[in-house]
Amino acid sequence: QVQLVESGGGLVQPGGSLRLSCAASGSFLTINSMGWHRQAPGKQRELVAGIKRGGDTNYADSLKGRCNISRDNAKNTVYLQMNSLKPKDTAVYSCSAAVETLPNRHLEVWGQGPLVTVSS
């Protein structure tokens, strides 16, 4: 079983910054791509940023230029640094991981997601 545990959410003022972390634990061979997604109240979940094992990244336009995704493969952890936050960034942020559990057996795992609230 593979689990993702996120941390770092909370209340932040407009213009502030926040760093989210997501650590994978359990039994697996390797983690390929990892990503951060968000779902605002009444809206569909959307991709925020993704990162491959080798470090290639992609960002959604909504937070592009205001966030940075990184990972530590040794710690099986992915991070999301968000800056210049706006009230419209308020959402539940969840991470995902494409995990190889056994040779040629792949599983997509999701975390519960911390709530990020941007408000004064």
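1. Val-5 has Ala-23 of S3 as its bridge partner in this predicted model. One residue earlier in the numbering, Leu-4 stands opposite Ala-24, again in S3. The two strands concerned are S1, residues 2–7, and S3, residues 18–26, which pair in the antiparallel sense over 6 bridges.

2. S3 also pairs with S8, which covers residues 77–82. The sense is antiparallel and there are 6 bridges. Within this pairing, Ser-21 is found opposite Tyr-79 of S8.

3. These strands belong to an open sheet of 4 strands, in the order S1-S3-S8-S7, with antiparallel pairing. S1 and S7 (67–72) are the edge strands; each has a single partner strand, so one side of each has no neighbour in the sheet. From one strand to the next, the twist averages 15°. As background, strands of a sheet pair through backbone hydrogen bonds, in either a parallel or an antiparallel arrangement.

4. Tyr-79 deserves a second entry. Besides standing opposite Ser-21, Tyr-79 has the charged end of Arg-19 over its ring, at 4.1 Å from the ring centre. Arg-19 falls within the residue range of S3 (18–26), and Tyr-79 lies in S8.

5. Which residue lies over the face of Trp-110? Arg-45 does, at 3.8 Å from the ring centre.

6. How many aromatic pairs does the structure hold? The count is 0. The contacts of Tyr-79 and Trp-110 described above are with arginine: Arg-19 over Tyr-79 and Arg-45 over Trp-110.

Terms used: Residues numbered from 1 in each chain as written. Predicted model: local features only at pLDDT ≥ 70, side-chain atom pairs only at ≥ 80, totals over all residues. Heavy atoms only, no water. Pairing = 2+ DSSP bridges. Axes fitted to C-alpha atoms, helices over the stretch in contact; angles between N-to-C directions. Phe/Tyr/Trp six-rings, centres within 6.5 Å; stacked < 30°, edge-to-face > 60°. Lys NZ or Arg CZ within 6 Å of the ring centre and 35° of its normal.
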